Amino acid sequence: MLGRGYMRGTCDVCERKTIFVLRGPWIRGDLLCSRCGSRPRNRALMAVLNEQLPTWRSASFHESSPGSPLLQKFRRECQGYVASHYYDDLAPGAVRGDFVCQDLERQTFADGSFDLVVTQDVLEHVFDARQALREITRTLKPGGLHVFTVPWYYWRPTVVRARRDASGSVEYLLPPDYHGNPIKPQARSLVVTEWGRELLEVIDGAAGTTTEVHRLDDANRGISGAFVDVFVSRKPL
Ligand SMILES: [Zn+2]
């Protein structure tokens, strides 16, 4: 089916029949919805969110560092949606355009602010992921959900590629690897950690949550390929 470079199906992001087009060698990144531009991991997250929190449209909802077609959908359909990016030239909590400035490790949101926090491919770029997870959980209401994607190398141990020393400078333990950065297209984001099999223990150990992983493989919804796992961490009641 993919040999011809496209497949028909229904997209969970734009909720329409569509054609998924393979625009490169990498299904996870390159199998795009021809209508909304979503990628398999965006569609997987949407499918799991609809299943786990069907009332998300009426939720108080924070997304950190959005950079996918889901941003427009969430803004359009959820009144309680707030999107944040980290800007090193803005005070935490200040607003730039449609985004509020937040450092995921030191957020200015009050405890128990949100029913839902979403992060899409963010945790591999955070220097202190445990602190970020504690902060995400702090800002959730009891029973609230953190729904997220992160490349998960479940078959091997975690690899730390870079760390931040006490003075704040970056120490590279392995050659730097970068992903795209939604607010600085030319800057790119450094991959700090390749999360391996310890990830679930790290999350729940740091934040006191209970985490499940959902893996969908559904060609009719354009959800296939590697690294389409969707994690759902629940804060205790
Ligand atoms: Zn679509």
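Me: Before we turn to glutamine 102, what do buried, exposed and partly exposed mean here?

Reply: Buried means under 20% relative accessible area, exposed means over 50%, and partly exposed is what lies in between, with a 1.4 Å probe and protein chains only. This is a predicted model, in which local features need pLDDT of at least 70, side-chain atom pairs count only at pLDDT 80 or more, and totals for chains, interfaces and linings use all residues. Residues are numbered from 1 along each chain as its sequence is written, and side-chain values use heavy atoms, with hydrogens and water left out.

Me: Why is glutamine 102 called buried?

Reply: Its relative accessible area is 4%, and the limit for buried is under 20%, so glutamine 102 counts as buried.

Me: Which residues does glutamine 102 touch, not counting residues up to four places away in sequence?

Reply: Glutamine 102 is in contact (heavy atoms within 4.5 Å) with Ser84, His85, Tyr86, Gly93, Gln107, Thr108 and Phe109.

Me: What makes alanine 166 exposed?

Reply: The relative accessibility of alanine 166 is 89%, and exposed requires over 50%, so the label follows for alanine 166. The C-alpha atoms of alanine 166 and leucine 199 are separated by 24 Å, with the two residues 33 apart along the chain.

Me: Why is leucine 174 called partly exposed?

Reply: Leucine 174 has a relative accessible area of 32%, whereas buried ends at 20% and exposed begins over 50%, so leucine 174 belongs to the class in between.
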